[in-house]
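Reader: Hello! I am new to this one and would love a close look at a single part, followed slowly from piece to piece. Could you pick a starting point and lead me through it?

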Amino acid sequence: MRIPKTLTALAALAALTAVAGCGTSEADSGSGAAAEVTVRIPDPGNSGVLALGKKDGSLAKALATVHAKVEWTGSAGPFAPAAQAMNANQLDIATGSITSGITSLAQTPGFKFFTATAPDPVGEGILAKKGSGIENIEDLVGKQVAVNQGGTGEYLLLKALADHHIPAGKVERVYLRPDQTAAVFNTGKVDAWAVWSTYAVAALGSGKAEFIADGKEIGSDNYSLNAVRTGFADEHPEVVKALYAYLHEGSVKEKKDPAAYLNVNTDAGPQAVTGESRRIQTGFTAEGGTVEPITDADIKRFEEVARFYADQKVTKTKVDVAAHLIDVEKLS
């Protein structure tokens, strides 16, 4: 999870479900031209590499080199509904965390991961209200903490508690959708919120909340990953490889100039990042990682997260993450 690369989405799944098709369409008229491949991706909203690529046409140009085009489908958001849409052949590409990925892999997955972005050291963590008396992880004992079940929030909280040798049962987890949590947190109905930058930026920008521990302090291994529907990867590896190359190059540029990737379509309204939130977001992005191939070192860390989830009873057994990964550099 990290900024403007995701927005909201329960409506996302409803919108995704309305989409049908096998992912390709005939673009030739009997002249021998190659068939055009349609790749279905959630609409990226107002910020990030895909948002800018959609607006300036650079993504369409990059995909045209492999006879592909994008169909923007629904809205980007939490990974769980996107995983369900890929499983149902209603979506081809989605972004999520290794934590939400593991819980989705524990089902019957129809997708694989093909890129990795290093854990966010500063944009994810556990938020508390300023002046609440909650200043460190030990202060969470006996408190209610909002988390998204099986995803980044639950992982960050459990990891922080484990590292401080605090039994998980001493803190009450309140399971909420990320897009519903801000109002609950702001009105004091929960004491703290384990969250990532997409939602943390607004809370921090208000000046009323602060991280009592960020990703670096927690020792987070919560990678951001790009997933592809397995059938699509099998049929169109050249499109997956071209998309990786585009995302990698774009993420390198975004890290160097974060402001250029904010407020791509509008600098006003609920989708815009303004004021102090804008300053915070650009800082987070500048310190974040870039989209890279999945390495052996990454896989070891993925497996540690899967083992931790099994130990914490988030999953019934340890998920074999390695069985659901693609070496994008070996695609042809």
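Author: Gladly. One cut-off comes first: an angle of 65 to 115 degrees between two axes counts as roughly perpendicular. Please also keep in mind that this is a predicted model.

Let us start with a pair of helices. Helix α2, residues 49–56, packs with α11 at an angle of about 105°, and their axes are 9 Å apart. That angle falls within the range just given, and therefore α2 and α11 are roughly perpendicular to each other. To find the contact on your screen, look on the α2 side for V49, L50 and G53. Their partners in α11 are Y246, L247, G250, S251 and E254. Sorted by class, the contact of α2 with α11 has four nonpolar residues, three polar ones and one charged one.

Now stay with α11 and look at what else it touches. This helix, residues 237–256, lies across the strands β4, β5 and β11, and runs at about 25° to β5. Those strands form an open sheet of three, in the order β4-β11-β5, with antiparallel pairing. The edges belong to β4 (93–97) and β5 (111–117); each has a single partner strand, so one side of each is left without a neighbour in the sheet. On average, neighbouring strands of this sheet are turned by 30° against each other, direction ignored. If you would like to follow one pairing by eye, take β5 and β11 (residues 224–229), which are joined in the antiparallel sense over six bridges. A handy landmark is K112, which stands opposite V228 in β11.

From here we can move on to a second sheet. It is open too, with five strands in the order β8-β7-β9-β6-β10 and mixed pairing. At its edges are β8 (172–175) and β10 (209–214), each of which pairs on one side only. The twist from one strand to the next averages 30°. Strand β6, residues 125–129, runs antiparallel to β10, and five bridges join them. Here the landmark is K129, which you will find opposite A209 in β10.

This sheet has a helix across it as well: α8 lies over β6, β9 (192–195) and β10, and runs at about 130° to β10. Helix α8 (residues 197–205) also meets another helix, α12 (residues 275–287); their axes come within 8 Å and cross at roughly 140°. That angle makes α8 oblique to α12. The crossing of α8 past α12 is right-handed. From α8, the residues in contact are S197, V201, A202, L204 and G205, and they meet E276, S277, I280, Q281 and F284 in α12. By class, this contact has five nonpolar, four polar and one charged residues.

One last word, on how far to trust the picture. The chain averages a pLDDT of 90, and 90% of the residues score at least 70. Over residues 1–22, however, the pLDDT is below 50, although this stretch has 76 contacts in the model beyond near neighbours in sequence. Residues 24–31 also stay under 50, with 13 contacts beyond four places in sequence. Where pLDDT is low, the predicted coordinates should not be read in detail.

Technical notes. Residues are numbered from 1 along each chain as its sequence is written. This is a predicted model: local features need pLDDT of at least 70, side-chain atom pairs count only at pLDDT 80 or more; totals for chains, interfaces and linings use all residues. Side-chain values use heavy atoms; hydrogens and water are left out. Axes are lines fitted to C-alpha atoms, for helices over the stretch in contact, and angles run from 0 to 180 degrees between N-to-C directions. Helices (H or I, at least four residues) and strands (E, at least two) are DSSP runs, numbered from the N terminus. Angles under 35 degrees count as roughly parallel, over 145 as roughly antiparallel, 65 to 115 as roughly perpendicular and the rest as oblique. A crossing is left-handed if the near helix is turned anticlockwise from the far one by less than a right angle, and right-handed if clockwise. Contact means heavy atoms within 4.5 Å. Ala, Val, Leu, Ile, Met, Phe, Trp, Tyr, Cys and Pro count as nonpolar, Asp, Glu, Lys and Arg as charged, and the others, Gly among them, as polar. Two strands pair if DSSP finds at least two bridges between them. pLDDT is the predictor's confidence in each residue, from 0 to 100.
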